[in-house]
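Trainee: I am new to this structure and would like a close look at a single part of it. Please pick one spot and show me how the rest of the chain connects to it.

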Amino acid sequence: MLSGLNHLTLVVIFFVFFVVFYQQLLGMRLHARWDSGAYLSCGDLWLCLSLDPQRRITPPEESDYTHYAFSIAE
């Protein structure tokens, strides 16, 4: 049985823009940032931004790592 949403991972091509958008405009808390990703949170929800420069030339249905992870009860 589903017990909640564990995290969201969004693939982005404008990485710096989205970090600023989620952190400064939406007020999410930045926990970690590296060259190709970042972890942010809003309450209990975790968001991972993942840079994929290939997204510009490869259709999302062929390369997209965007996903939604659910928590489930044992």
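**From one strand to the whole chain**

Mentor: Let's start at Phe-70, which has its place in strand β5. Strands here are DSSP runs of E with at least two residues, helices are runs of H or I with at least four, and both are numbered from the N terminus. Before we go further, please keep in mind that this is a predicted model, in which local features need pLDDT of at least 70 and side-chain atom pairs count only at pLDDT 80 or more, while totals for chains, interfaces and linings use all residues. Residues are numbered from 1 along each chain as its sequence is written, and side-chain values use heavy atoms, with hydrogens and water left out.

Who meets Phe-70 from far along the chain? One partner is Gly-4, which is 66 residues away in sequence, yet 5.8 Å away in space from C-alpha to C-alpha. Gly-4 belongs to strand β1. Leaving out residues up to four places away in sequence, Gly-4 touches Phe-70 and Ser-71; touching, or contact, means heavy atoms within 4.5 Å. Gly-4 counts as partly exposed because its relative accessibility is 27% (buried is under 20% relative accessible area, exposed over 50%, partly exposed in between, with a 1.4 Å probe and protein chains only).

Phe-70 also helps to make a nonpolar surface patch of about 560 Å², together with Leu-2, Leu-5, Tyr-68 and Ile-72. The elements that give two or more residues to this patch are β1 and β5, the latter spanning 67-72. Strand β5 provides the largest share, three residues. A few terms belong here. Patches take residues with over 30% relative accessible area and no salt bridge, joining like charges within 9 Å and nonpolar side chains (Val, Leu, Ile, Met, Phe, Trp, Tyr) within 5 Å. A salt bridge is a side-chain nitrogen of Lys or Arg within 4 Å of a carboxyl oxygen of Asp or Glu. Areas come from the Shrake-Rupley method with a 1.4 Å probe, and for residues only the protein chains shown count as cover.

Now follow β1 further along, to Thr-9, which lies in that strand. Is Thr-9 buried or exposed? Thr-9 counts as buried, because its relative accessibility is 3%. Apart from neighbours within four places in sequence, Thr-9 is in contact with Cys-48, Ser-50, Tyr-65, Thr-66 and His-67. From Thr-9 to Ala-38 the sequence separation is 29 residues, and the C-alpha atoms are 9.8 Å apart.

Ser-50, one of those contacts of Thr-9, is in strand β4. Ser-50 is buried too, with a relative accessible area of 18%. With neighbours up to four places away set aside, its contacts include Leu-10, Val-11, Val-12 and Gly-37.

What packs against these strands from the helix side? Phe-15, Val-19 and Tyr-22 are the buried residues of helix α1, which runs over residues 15-25. They fall within an arc of 80° seen down the axis of α1, so they line one face of the helix; the arc is that of the directions from the helix axis to the C-beta atoms. An α-helix has 3.6 residues a turn, so residues three or four places apart point the same way. The buried residues of α1 pack against β1 (2-12), β2 (29-34), β3 (37-42) and β4 (45-51). On the other side of α1, Phe-17, Gln-24 and Leu-25 are exposed. Just after the helix, Gly-27 takes a positive phi of about 80°.

There are also rings to look for: Phe-17, Phe-18, Phe-21 and Tyr-22 are linked into a cluster by ring pairs. Rings of Phe, Tyr and Trp (its six-membered ring) pair if their centres lie within 6.5 Å, with planes under 30 degrees apart called stacked, over 60 edge-to-face and the rest tilted.

Stepping back, the chain has two helices and five strands, in the pattern β-α-β-β-β-α-β along the sequence. Of its 74 residues, 24% count as buried. Among contacts between residues at least 6 apart in sequence, 55% join residues at least 24 apart, and the pair Gly-4 and Phe-70 where we began is 66 apart.
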